[in-house]
Amino acid sequence: MRKLHERGWEDEGEPGVPALVERYVELGYVDDEQFARSKAGSLLRRGYGARRIGESLREAGIGEAIREQMQPDEAQRREAVVALVRRRRFGPFYREELAPDRREKQLAAIVRAGHSFDHARFAVDAGSEQVLEEWLEEAREELE
């Protein structure tokens, strides 16, 4: 309301905010689905998992139906976990000997990023980048 007044609202009384929002939706200025798609895509590219994406969209006020639509498929989930381990230099991207306590920390970080424990374990325990690429390709082929 304050912003409307600052921007020149001069009519008597309060502006009809619900009517304004409805008008903005009609004009395409407010589109929850497009916002959710953009936000989910951005988080996936940064390596965040399905759980974190859902939480982020919920916090942004996106409804459950749209949040369900934005859940990544298996290939996208795998791509996101690989992006995370590559960026953070976990698993096969870690260049030193992987001590048990370091492995546990990597697993915990991946799970905190919203990935399943199974995906985290596979990514950290993958013997090479090639193993991860084959894992990704397997999921992509299943979608075809």
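**Close-up 1. Arg 78 and Glu 74 sit together in helix H6, four residues apart, or about one turn of the helix.** This is a predicted model, and here we look at two side chains that meet in a salt bridge, with 2.9 Å from N to O. What links up with this pair? Glu 138 joins in, giving a network of salt bridges made of Glu 74, Arg 78 and Glu 138. Is Arg 78 buried or exposed? Arg 78 is buried, since its relative accessible area of 9% falls under the 20% cut-off. Glu 74 is partly exposed, at 31%.

**Close-up 2. Glu 129 and Arg 95 meet through a salt bridge.** From N to O, the gap between these side chains is 3.7 Å. Glu 129 belongs to helix H9, while Arg 95 is in the loop between H6 and helix H7 (100-112), so this pair ties together parts that are 34 residues apart in sequence. Look at the surroundings of each partner: Arg 95 is exposed, with a relative accessible area of 67%, and Glu 129 is partly exposed, with 35%.

**Close-up 3. Arg 103 pairs up with Asp 125 in a salt bridge.** Their closest N and O atoms are 2.8 Å apart. Which helices does this pair tie together? Arg 103 comes from helix H7 and Asp 125 from helix H8, so the link spans parts that are 22 residues apart in sequence. Both ends are described as partly exposed: Arg 103 has a relative accessible area of 22%, and Asp 125 has 40%. If you want to go hunting for others, the count for this model comes to eleven salt bridges.

**Close-up 4. Here is the one aromatic pair counted in the model.** Phe 122 and Trp 135 are stacked, with 4.5 Å centre to centre and 25° between the planes. Why do we call this stacked? Because the 25° angle is under the 30 degrees cut-off. The two rings come from distant parts of the chain: Phe 122 is in helix H8 (residues 117-125) and Trp 135 in helix H9 (residues 129-143), 13 residues apart. Trp 135 is buried, at 7% relative accessibility, whereas Phe 122 is partly exposed, at 31%.

**Close-up 5. Gly 54 and Arg 67 have C-alpha atoms separated by 6.1 Å.** Along the chain, these two residues are 13 residues apart. Where does Gly 54 sit? You'll find Gly 54 in helix H4 (residues 50-59). Gly 54 counts as buried, with a relative accessible area of 16%.

**Close-up 6. A patch of positive charge gathers on the surface.** Its members are Lys 39, Arg 46, Arg 52, Arg 87, Arg 88 and Arg 112. Pick out Arg 88 to get your bearings: this residue is in helix H6 (residues 74-88), and at 43% relative accessibility Arg 88 is partly exposed.

**Close-up 7. Now for a nonpolar surface patch of about 600 Å².** Which residues make this patch? They are Val 17, Val 21, Tyr 24, Val 25, Leu 27, Tyr 29 and Val 30. One of them, Leu 27, has its place in helix H2 (residues 17-27). Leu 27 is partly exposed, with a relative accessible area of 41%.

Technical notes. Residues are numbered from 1 along each chain as its sequence is written. This is a predicted model: local features need pLDDT of at least 70, side-chain atom pairs count only at pLDDT 80 or more; totals for chains, interfaces and linings use all residues. Side-chain values use heavy atoms; hydrogens and water are left out. Rings of Phe, Tyr and Trp (its six-membered ring) pair if their centres lie within 6.5 Å; planes under 30 degrees apart count as stacked, over 60 as edge-to-face and the rest as tilted. Helices (H or I, at least four residues) and strands (E, at least two) are DSSP runs, numbered from the N terminus. Buried means under 20% relative accessible area, exposed over 50%, partly exposed in between (1.4 Å probe, protein chains only). Patches are made of residues with over 30% relative accessible area and no salt bridge: like charges are joined within 9 Å, nonpolar side chains (Val, Leu, Ile, Met, Phe, Trp, Tyr) within 5 Å. Accessible areas come from the Shrake-Rupley method with a 1.4 Å probe; for residues, only the protein chains shown count as cover. A salt bridge is a side-chain nitrogen of Lys or Arg within 4 Å of a carboxyl oxygen of Asp or Glu. Lys and Arg count as positive and Asp and Glu as negative; His and the chain ends are not counted. The place of a charge is taken as NZ of Lys, CZ of Arg, CG of Asp or CD of Glu.
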